[in-house]
Amino acid sequence: MRKPIVAGNWKMNGTQESIVPLLDRVIAGVDTSVNAQVIVCSPYIYIPLIAGKIADTAVEFGSQNISEFESGAYTGEISAQMLKDFDCEYVIIGHSERRHVFGETDQNIADKYKKAQEHGIIPILCVGELLEEREADKTAEVVIRQIDAILSTSGVESLQNAIIAYEPVWAIGTGKTATPEQAEEVHKLIRETIAKQNGTIASSLRILYGGSVKPSNAAELFAMEDIDGGLIGGASLESEDFLAICKATN
Ligand code: PEP
């Protein structure tokens, strides 16, 4: 049995004034009625505040990015060591906004993934195709290429300590959700691709779906065999919606 995960990606939203009550409500709502492991991924600057509030609660936290470098002259970057300094356990790597707005390549992403794991931080690796790639029937090719970059840099064993999120780029923040069948097809492909190298790791790997997940569509997505929870953007900024999505894994 794979324990489901619901991870919130706050992106570059909020201030202390909004984040503190949001987090308080999420902490209060994640009680024994929630079966999922719940993670919130905040902007770097709020990590110390979140680390303090979340200690000894059922909610975990992560970062939205990390540097691929160890330390040194990399102005504006945040290292794995710095994240670990605040007990950060997870990091989103390869989010489509990092790939397509900031130009991160498959190799940058593979290097960040490796660096996070070297410091004991669990990567939430995002993969997914653009609309034009889906329309050109290239979804499988793109997703396998993105996963192959990780396999060739860190090996299949690295996936024992990682989470994958399939996020079709055309569904992120657009209100368009992949149907449960469309999402399941890619999740199954990801699991089968990894199983070719290691069946045990593939069957225990948590693969989340992300892309306009809402309380109204979460349960049908999470009911699919290879969908083990969600990576949630917009809806993670509303505690009621986020908690309803967490409960949809039950
Ligand atoms: C995301 O940012 O990873 C995401 C899935 O966003 P949204 O839920 O808003 O589509």
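**Reading the spaces and the ligand site**

Q: How many nonpolar, polar and charged residues are in the lining of the largest cavity?

A: Three residues of that lining are nonpolar, five are polar and two are charged, where Ala, Val, Leu, Ile, Met, Phe, Trp, Tyr, Cys and Pro count as nonpolar, Asp, Glu, Lys and Arg as charged, and the others, Gly among them, as polar. The model is predicted, so local features need pLDDT of at least 70 and side-chain atom pairs count only at pLDDT 80 or more, while totals for chains, interfaces and linings use all residues. Residues are numbered from 1 along each chain as its sequence is written, and side-chain values use heavy atoms, with hydrogens and water left out.

Q: Which residues line the largest cavity?

A: Rolling a probe the size of a water molecule over the atoms shows where empty space is left. On a 1 Å grid over the protein atoms alone, a cavity is a set of points where a 1.4 Å probe fits but cannot get out, a pocket is an open set with protein on both sides within 12 Å along at least five of seven lines, and lining residues have an atom within 4 Å of a point. The search of the whole structure finds one cavity of 30 Å³ or more, and the largest cavity holds about 30 Å³ of space (the space filled by probe spheres set on grid points, which are joined across faces, edges and corners). Its lining consists of Gly94, His95, Ser96, Arg99, Cys126, Val127, Gly128, Gln146, Glu167 and Val169, with α4 (96–100) and β5 (122–127) each supplying at least two of the lining residues; helices (H or I, at least four residues) and strands (E, at least two) are DSSP runs numbered from the N terminus.

Q: Which residues come nearest the ligand?

A: There are 14 residues around the ligand (a heavy atom within 4 Å), and Lys11, Glu167, Gly173, Ser212 and Gly234 come nearest. By class, this shell has four nonpolar, eight polar and two charged residues. Polar contacts (pairs of N or O atoms within 3.5 Å) link ligand oxygen atoms to side-chain N or O atoms of Lys11 at 2.8 Å, of His95 at 2.9 Å and of Glu167 at 2.7 Å. The protein covers 96% of the 290 Å² of accessible area that the ligand has on its own (Shrake-Rupley method, 1.4 Å probe).

Q: What volume does the largest pocket have, and which residues lie nearest its centre?

A: The largest pocket has a volume of about 410 Å³, and among its 17 lining residues Lys11, Met12, Gln64, Arg98 and Phe102 lie nearest the centre. Its lining divides into six nonpolar, eight polar and three charged residues. The second largest pocket contains about 210 Å³ of space, and of its 15 lining residues the closest to the centre are Arg2, Pro4, Phe222, Ile227 and Thr249.

Notes: Polar contact = N/O pair within 3.5 Å; in protein donor to acceptor, adjacent residues only side chain to side chain.
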